[in-house]
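The report below follows charged pairs, nonpolar packing and one helix contact through a single chain. The sequence and the model come first.

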Amino acid sequence: MKILIIRHADPYYPTDSLTEKGSREAKFLAEKLKNENITDIYVSPHGRAKLTAKPTADILGIEPVVLDWLREFPEMLGFEYNTDYFKEMKSPWNIPPKIWANDIDQYDINKWENSQLLDNSKVVAKYHEICEKFDELMAKFGYQKNGNYYDITTNNTEKTVALFCHSGLGTSLIAHALNMPLIAVWNTVFLPPSSVTTLYMEQHIKSEPIAHGILCGIGDTSHLYHNGEPVSCSGLHTKELK
């Protein structure tokens with residue numbers, strides 16, 4: 001089965017909508033996605049995600065299903081740092097490198113959850129909640145979570161599921177599907193607006209009904225390049241992407 005993790009197009013956050021550029025991105029994205037054999041569309045309840053999904057849903061004639069857990073990862077989860085470098089942290093997926101990069105536990109799948117970095121925050125609990133919801137969706141399509149892989153209960157290789165969501169949420173799904181430590185993924189992976197990340201649930205051995213997440217494309221914005229549309233750096237500290 002193929003899963004498309006799609007970040008919303010260029011946002012206008014004050015009204016939870018899209019900029020004019022974002023509206024163009026969504027149309028270009030739909031032209032790309034119409035050839036992806038999408039069978040199911042799920043969307044975040046946020047307006048910017050719904051508006052991004054609409055052109056694709058209209059072209060394909062698929063009614064999007066709103067899933068509350070696809071909303072952006074909450075910002076206010078107990079992060080406060082009294083340092084000269086950073087006084088207050090609100091977005092847990094946007095932690096300055098001076099704070100997390102030298103914490104070796106953040107690179108360890110077995111230790112990151114217990115790091116002092118996350119003391120008194122609700123990040124781990126929220127992350128597990130999102131992971132459980134994702135696994136419930138996978139089970140619906142015949143992939144039952146079993147430790148660090150998925151048992152295949154129904155063969156749905158012909159299915160392509162599109163998830164229209166957000167940067168922090170999308171990278172959370174990547175970390176979970178690939179069994180990688182969340183903080184390291186959050187702070188080293190950027191999903192540009194309207195980008196498409198492709199994840200396969202791959203069965204390695206035909207005689208064993210077991211699948212594992214395989215990432216074969218991340219943050220693809222080829223639909224923008226094809227139409228001469230610059231890539232937005234919304235959510236990135238740098239001011240320009242080239």
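Glu-25 is buried, because its relative accessible area of 0% lies under the 20% cut-off, and its side chain meets that of Lys-21 in a salt bridge with an N to O distance of 3.0 Å. This is a predicted model, and every value given here is computed from it. Lys-21 also counts as buried, with a relative accessibility of 16%. The two residues are 4 residues apart in helix 1, so that about one helical turn separates them. The pair does not stand alone, since Lys-21 and Glu-25 are linked with Arg-24 and Glu-229 in a network of salt bridges.

In general terms, side chains of opposite charge can pair when their charged atoms come close. In this model the count of salt bridges comes to 11, and three of these pairs are set out in the table.

| Salt bridge | N to O distance |
|---|---|
| Glu-36 and Lys-2 | 2.8 Å |
| Lys-21 and Glu-25 | 3.0 Å |
| Lys-54 and Asp-58 | 2.7 Å |

The side chains of Glu-36 and Lys-2 meet in a salt bridge of 2.8 Å, and this pair links distant parts of the chain, with Glu-36 in the loop between helix 1 (20-33) and strand 4 (40-43) and Lys-2 in strand 1 (residues 2-7), 34 residues apart. Both Glu-36 and Lys-2 are buried. Lys-54 and Asp-58, by contrast, lie 4 residues apart in helix 2 (residues 47-60), so about one helical turn separates them, and Lys-54 counts as partly exposed at 46% relative accessibility.

Turning to the nonpolar side chains, the largest nonpolar core has 44 residues, and those with the most contacts inside it are Ile-3, Leu-70, Phe-134, Met-138, Tyr-143, Leu-163 and Leu-173. Several elements each supply at least two residues of this core, among them strand 1, helix 4 (123-140), strand 8 (160-165), helix 5 (167-177) and strand 9 (196-203). Its largest share, 8 residues, comes from helix 4. Apart from this core lies another of 14 residues, which includes Leu-4, Ile-6, Val-43 and Ala-162.

Phe-134 touches Ile-3, Trp-69, Tyr-150, Leu-163, Leu-173, His-176 and Met-201, when residues up to four places away in sequence are not counted.

How do helix 4 and helix 5 lie relative to each other, and at what angle do they pack? Their axes are 10 Å apart, at an angle of about 70°, and the two helices are therefore roughly perpendicular to each other, as this angle falls within the range of 65 to 115 degrees. Helix 4 makes the contact through Tyr-127, Ile-130, Cys-131, Phe-134 and Asp-135, while helix 5 contributes Leu-169, Ser-172, Leu-173, Ala-175 and His-176. By class, the contact has 7 nonpolar, 2 polar and 1 charged residues.

A last residue to consider is Asp-40, whose place is in strand 4. With a relative accessible area of 17%, Asp-40 is buried, because this value is under 20%. Leaving aside residues up to four places away in sequence, Asp-40 touches Ile-62, Phe-141, Lys-159, Thr-160, Val-161 and Ala-162. Asp-40 and Thr-188 are 148 residues apart in sequence, and their C-alpha atoms are 29 Å apart in space.

Notes:
Residues are numbered from 1 along each chain as its sequence is written. This is a predicted model: local features need pLDDT of at least 70, side-chain atom pairs count only at pLDDT 80 or more; totals for chains, interfaces and linings use all residues. Side-chain values use heavy atoms; hydrogens and water are left out. A salt bridge is a side-chain nitrogen of Lys or Arg within 4 Å of a carboxyl oxygen of Asp or Glu. Buried means under 20% relative accessible area, exposed over 50%, partly exposed in between (1.4 Å probe, protein chains only). A nonpolar core is a set of buried Ala, Val, Leu, Ile, Met, Phe, Trp, Tyr and Cys residues joined through side-chain atoms within 4.5 Å. Contact means heavy atoms within 4.5 Å. Axes are lines fitted to C-alpha atoms, for helices over the stretch in contact, and angles run from 0 to 180 degrees between N-to-C directions. Angles under 35 degrees count as roughly parallel, over 145 as roughly antiparallel, 65 to 115 as roughly perpendicular and the rest as oblique. Ala, Val, Leu, Ile, Met, Phe, Trp, Tyr, Cys and Pro count as nonpolar, Asp, Glu, Lys and Arg as charged, and the others, Gly among them, as polar.
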